[in-house]
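Work through the exercises below with the structure open. Try each task before reading its solution.

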Amino acid sequence: MRKLRIAFLARSFSPETRSYIPVVMQALTEVGAVVDLIHPLARVIDLSNVRVDHDLYVLHQIDGFALSLAGALHAQGAAIVNP
């Protein structure tokens with residue numbers, strides 16, 4: 001059986017963070033999902049090269065870069081939480 005692939009469009013989190021996202025990511029990993037953190041500000045992303053690689057995307061970071069990336073994924077039919 002193929003593992004569920006989930007990507008979070010969010011910023012990086014420090015160990016002292018009070019955000020629940022790292023806890024959710026860890027719990028999903030523990031139940032067998034492949035979980036990736038995509039930080040749109042961490043590198044330049046050419047939106048023309050964006051492809052749907054995950055079964056689900058969670059849009060957590062609401063800024064221009066994350067919204068642009070989510071929009072490119074949505075245009076390709078990606079499943080996005082908080083579109």
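The exercises cover the sheet, the salt bridges and one loop residue.

The model is predicted: local features need pLDDT of at least 70, side-chain atom pairs count only at pLDDT 80 or more, and totals for chains, interfaces and linings use all residues. Residues are numbered from 1 along each chain as its sequence is written, and side-chain values use heavy atoms, with hydrogens and water left out.

**Exercise 1. Lay out the sheet and find its edges.**

Step 1. Fix the terms. Strands (E, at least two residues) and helices (H or I, at least four) are DSSP runs, numbered from the N terminus. Two strands pair if DSSP finds at least two bridges between them.

Step 2. Write the order. The open sheet has 4 strands, arranged β2-β1-β3-β4, and the pairing is parallel.

Step 3. Mark the edges. β2 (34–38) and β4 (80–81) each have a single partner strand, so one side of each has no neighbour in the sheet.

Step 4. Recall the chemistry. Strands of a sheet pair through backbone hydrogen bonds, either parallel or antiparallel.

**Exercise 2. Trace the pairing of β3 with β4.**

Step 1. Count the bridges. Strand β3 (residues 56–59) is joined to β4 by 2 bridges, and the two run parallel.

Step 2. Pick a residue. Val58 has Val81 in β4 as its bridge partner.

**Exercise 3. Locate the salt bridges and describe the residues in them.**

Step 1. Apply the cut-off. A salt bridge is a side-chain nitrogen of Lys or Arg within 4 Å of a carboxyl oxygen of Asp or Glu. The structure has 2 of them.

Step 2. Take Asp55 and Arg2. Their closest N and O atoms are 2.6 Å apart. This pair links distant parts of the chain, 53 residues apart: Asp55 is in the loop between β2 and β3, and Arg2 is in the segment before β1 (5–9).

Step 3. Take Asp36 and Arg5. Their side chains form a salt bridge at 3.5 Å, N to O. Asp36 belongs to strand β2 and Arg5 to strand β1, so the pair ties together parts 31 residues apart in sequence.

Step 4. Check accessibility. Buried means under 20% relative accessible area, exposed over 50%, and partly exposed in between (1.4 Å probe, protein chains only). Arg2 is exposed at 58%. Asp55 is partly exposed at 29%. Asp36 is partly exposed at 27%, and Arg5 is partly exposed at 28%.

**Exercise 4. Place Gly32.**

Step 1. Find its element. Gly32 sits in the loop between α1 (21–30) and β2.

Step 2. Classify it. Gly32 is partly exposed, with 28% relative accessibility.

Step 3. Relate it to Leu69. Gly32 and Leu69 are 37 residues apart in sequence, and their C-alpha atoms are 26 Å apart in space.
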